[in-house]
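Student: Could we go through a protein model together, a few residues at a time? I would like to see how each answer is reached.

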Amino acid sequence: MTSIYSEILASASRGEKLLCVLVDPEKFDNTKAEAFLKRMPQNANYLLVGGSTATAQQTEQTVEALKKHSKLPIILFPGSHEQITEEADAILFLSLLSGRNPEYLIGQQIKSVPKLQFSGLEILPTAYILVDGGKESAVQRVSQTEPIGQSKVNLISETALAGEFSGKNLVYLEAGSGAKIPVGAAIISEVKKTITIPLIVGGGIRSKEQLQEAYTAGADIVVIGTAFEDASFTGI
Ligand SMILES: CC(C)=CCC/C(C)=C/CC/C(C)=C/CC/C(C)=C/COP(=O)(O)OP(=O)(O)O
Ligand SMILES: O=P(O)(O)OC[C@@H](O)CO
Ligand SMILES: [Mg+2]
């Protein structure tokens, strides 16, 4: 079986852009999973499951409901070590490198080991970098850390490269779920130029134009959650 990471690397090297649909188990109506998946863009590559404050049970039930109706690989995007279920395929093993809270740099990661050690989940070590999206994000609130201002392009790209030097396999630039201002194109292109590992961008992307702008600037993978939560949304 080819690993998710090797698929991501192969797509990135061919310049093929990937799209992830983010499902927040805390808000998701599992009984409507089939209808939800039908209205998702048919070119979506992965389902991401996670939220800042979702419980273990919510996470497991949502992954099960999605698995029933979709063949797409499911990647956990955990706000905490509770959000781990073997029903998924992989996990973004996040370290919040923009912040200085040891609990989100290494504490949660250690707490996750008993669940991950003997699981079949593919582990995707990810440098998670929170940038200012124009309003306080759930990640900021939960992690008690400050985002990096969007004007600090050097600091953002140095943080990303420090992540790569530390052995992370992915960099995730996050403006926060429901951000007013998505990560800017200048930041995306500077980070892309600086690192050699694939780049994920998310937070506040709601239109085809914003999606395209992120891809053109250098995002290999874009994550969209909030825009798809609205059942009448058909914009992407
Ligand atoms: C590696 C393991 C087991 C855990 C990682 C723990 C870390 C470092 C988490 C980073 C900080 C954090 C709280 C991330 C949450 C990421 C996420 C799923 C965000 C989505 O945001 P929503 O929860 O949808 O926000 P809203 O509630 O505002 O919609
Ligand atoms: O919900 P949205 O704003 O699309 O953000 C997606 C993701 O990057 C949040 O963690
Ligand atoms: Mg959300």
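Tutor: Happy to; what follows is a short round of questions about this predicted model.

Student: Is Leu-173 buried or exposed?
Tutor: Start with where it sits: Leu-173 lies in strand β6, which covers residues 170-174. Now count its neighbours: there are 29 C-beta atoms inside 10 Å. The cut-off for buried is 20 or more, so Leu-173 counts as buried.

Student: Which residues does Leu-173 touch, leaving out those up to four places away in sequence?
Tutor: Here we look for contacts with residues further along the chain than four places. For Leu-173 they are Ile-129, Val-131, Val-183, Ile-187, Ile-188, Val-191, Leu-199 and Val-201.

Student: Which UniProt annotation covers Leu-173?
Tutor: The record is an unreviewed UniProt entry. Its annotation takes in Leu-173 and also, among others, Ser-177 and Gly-225. The name given there is "binding site".

Student: Where does Gly-225 lie, and which residues does it touch beyond four places in sequence?
Tutor: Gly-225 is in the loop between β8 (221-224) and α9 (226-229). It is buried, because 22 other C-beta atoms are within 10 Å. Its contacts, not counting residues up to four places away, are Leu-22, Asp-24 and Ser-177.

Student: Is Gln-144 buried or exposed?
Tutor: Gln-144 belongs to the loop between α5 (138-143) and α6 (153-165). Its phi is positive, near 55°, and Gln-144 is not a glycine. Since it has 11 C-beta neighbours inside 10 Å, Gln-144 counts as exposed.

Notes. Residues are numbered from 1 along each chain as its sequence is written. Chains are lettered from A and ligands numbered from 1 in the order in which they are written. This is a predicted model: local features need pLDDT of at least 70, side-chain atom pairs count only at pLDDT 80 or more; totals for chains, interfaces and linings use all residues. Helices (H or I, at least four residues) and strands (E, at least two) are DSSP runs, numbered from the N terminus. A residue is buried if 20 or more other C-beta atoms lie within 10 Å of its own, exposed if 12 or fewer, and partly exposed in between; C-beta atoms are placed from the backbone. UniProt positions are given in the numbering used here, feature names are shortened, and annotations may be inferred rather than shown by experiment. Two residues are in contact if their C-beta atoms, placed from the backbone, lie within 7 Å.
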